[in-house]
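Open the model in a viewer and keep a selection tool at hand. The stops below go from one selection to the next.

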Amino acid sequence: MIDWNKIDTVLLDMDGTLLDLNFDNHFWKEFVPLNYAEKNGLTLEEAKERLIPLFKSMEGKLEWYCLDYWSRALELNIVGLKAEIAGLISVLPHVAEFLEAVRRTPRKVLMVTNAHPGSLGLKMEKTCLHAFFDEIVSSHASGRPKEHPAFWDWLCLHHPFDKRRTLLIDDSQSVLNSARAFGIEHLLSVSRPDSRQPKKVIIDYRAIEDFRELMPGL
């Protein structure tokens with residue numbers, strides 16, 4: 001699937017690529033609405049009716065990923081709530097095996113995530129995946145999410161890479177579209193970012209379900 005002779009740098013998303021998206025889906029779709037309902041004297045259904053359009057309006061913006069923003073907007077301790085259910089954080093199958101293999105090569109390996117530093121720190125504490133990376137980059141440092149074209153200019157300036165010899169793996173099509181427009185040559189999606197949801201049909205990009213698919217030739 002990948003000609004590793006053509007790859008010098010590997011960029012990896014975190015949520016839905018390395019980590020099971022079930023944690024985030026449950027957190028934002030169930031746990032946050034539940035706590036919002038309790039705080040505001042609403043039913044769970046009423047809370048969801050209020051929150052879903054609010055969340056939708058921020059998709060693709062840095063605020064969507066900003067725990068500080070949502071703590072203020074919802075008047076909830078979002079970091080604290082994440083810590084309450086941190087036991088649900090888990091690594092997708094065979095991710096560690098792949099990371100161990102790629103780290104044995106001369107390639108540079110970066111985690112590039114939209115996750116807020118508060119969420120990123122919690123997830124690295126729980127999974128210890130940080131040990132596999134040369135660098136971990138949160139888009140919050142750039143002021144732009146990965147969906148924004150300016151993010152990739154910033155990333156290449158501060159963490160130089162040859163976009164013709166770079167592989168990006170990300171479960172977000174909008175992020176992959178932005179990276180493709182920037183000129184990153186090798187792009188892969190993830191067809192099952194949430195282990196509790198059915199496999200997604202990916203049309204515009206090659207996709208993997210299992211990181212063992214990338215092991216040959218590595």
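Begin with G16, and show what surrounds it. Leaving out residues up to four places away in sequence, G16 touches L21, L92, D171, V190 and P193. The model is a predicted one. G16 lies in the loop between β1 and α1, and it counts as buried because its relative accessibility is 0%, under the 20% limit for that class. Draw a distance from the C-alpha atom of G16 to that of D170: the separation is 7.6 Å, although the two positions lie 154 residues apart along the chain as a sequence separation.

Next select R192, in the loop between β5 and β6. With 32% relative accessibility, R192 counts as partly exposed. The C-alpha atom of R192 is 8.6 Å from that of T17, and these two residues are 175 apart along the chain. Setting aside residues up to four places away in sequence, R192 touches L92, Q197, P198, K199, I208 and E209. L92 is thus a residue to keep displayed, as it is touched by G16 and also by R192.

**The sheet**

Now switch to a cartoon view and colour the strands. Six strands make an open sheet, ordered β3-β2-β1-β4-β5-β6, with parallel pairing. At the edges are β3 (135–138) and β6 (207–208), each of which pairs on one side only.

Select β4 (residues 166–169) and β5 (residues 186–190): these strands run parallel and are joined by 3 bridges. L168 has L187 as its bridge partner in β5. Add helix α8 (residues 173–182), which packs on the sheet and touches β4 and β5. The direction of α8 makes about 180 degrees with that of β5.

Then add β1 (residues 9–12), which runs parallel to β4 and is joined to it by 4 bridges. Follow a row across the strands from here: L12 stands opposite I169 in β4, and I169 stands opposite L188 in β5.

Which residues of β4 are buried on its two faces? T166 and L168 are buried on one side, L167 and I169 on the other, and both faces of the strand are covered.

**The cores**

Stay with L12 and show its side chain. In soluble globular proteins, nonpolar side chains tend to be buried together. Here the largest nonpolar core has 53 residues, and L12 and I78 touch the most other members. Helix α1 gives the most to this core, with 7 residues. A second, separate core of 17 residues includes V112, V137, L155 and A179.

To see the surroundings of L12, select L18, F98, L99, V109, L110, M111, V112, F133, I169 and F211; L12 is in contact with these, leaving aside its neighbours within four places in sequence. I169 in this list is the residue that L12 stands opposite in β4.

**The aromatic rings**

Display the side chains of Phe, Tyr and Trp. A search of the whole structure finds 15 aromatic pairs. One of them is W28 with W64, a tilted pair with 5.5 Å centre to centre and 45 degrees between the planes. The pair links distant parts of the chain, 36 residues apart: W28 is in helix α1 (residues 22–40), and W64 is in the loop between α2 (44–58) and α3 (67–74). W28 counts as buried, at 10% relative accessibility.

Extend the selection to F23, F27, W28, F31, F55, W64, Y69 and W70, which form one aromatic cluster. Within it, centre on F27 and add K82: the lysine lies over the face of F27, at 5.3 Å from the ring centre. Elsewhere, select K163 and F182. The charged end of K163 sits over the F182 ring, 4.3 Å from its centre.

**Two residues with positive phi**

Finish with two loop residues. E75, in the loop between α3 and α4 (78–84), has a positive phi of about 55 degrees although it is not a glycine. Is E75 buried or exposed? At 56% relative accessibility, E75 counts as exposed.

C128, in the loop between α6 (117–127) and β3, is not a glycine either, and its phi is positive at about 60 degrees. C128 is partly exposed, with a relative accessible area of 43%.

Key:
Residues are numbered from 1 along each chain as its sequence is written. This is a predicted model: local features need pLDDT of at least 70, side-chain atom pairs count only at pLDDT 80 or more; totals for chains, interfaces and linings use all residues. Side-chain values use heavy atoms; hydrogens and water are left out. Rings of Phe, Tyr and Trp (its six-membered ring) pair if their centres lie within 6.5 Å; planes under 30 degrees apart count as stacked, over 60 as edge-to-face and the rest as tilted. Buried means under 20% relative accessible area, exposed over 50%, partly exposed in between (1.4 Å probe, protein chains only). A charge sits over a ring if NZ of Lys or CZ of Arg is within 6 Å of the ring centre and within 35 degrees of the ring normal. Two strands pair if DSSP finds at least two bridges between them. Contact means heavy atoms within 4.5 Å. Axes are lines fitted to C-alpha atoms, for helices over the stretch in contact, and angles run from 0 to 180 degrees between N-to-C directions. A nonpolar core is a set of buried Ala, Val, Leu, Ile, Met, Phe, Trp, Tyr and Cys residues joined through side-chain atoms within 4.5 Å.
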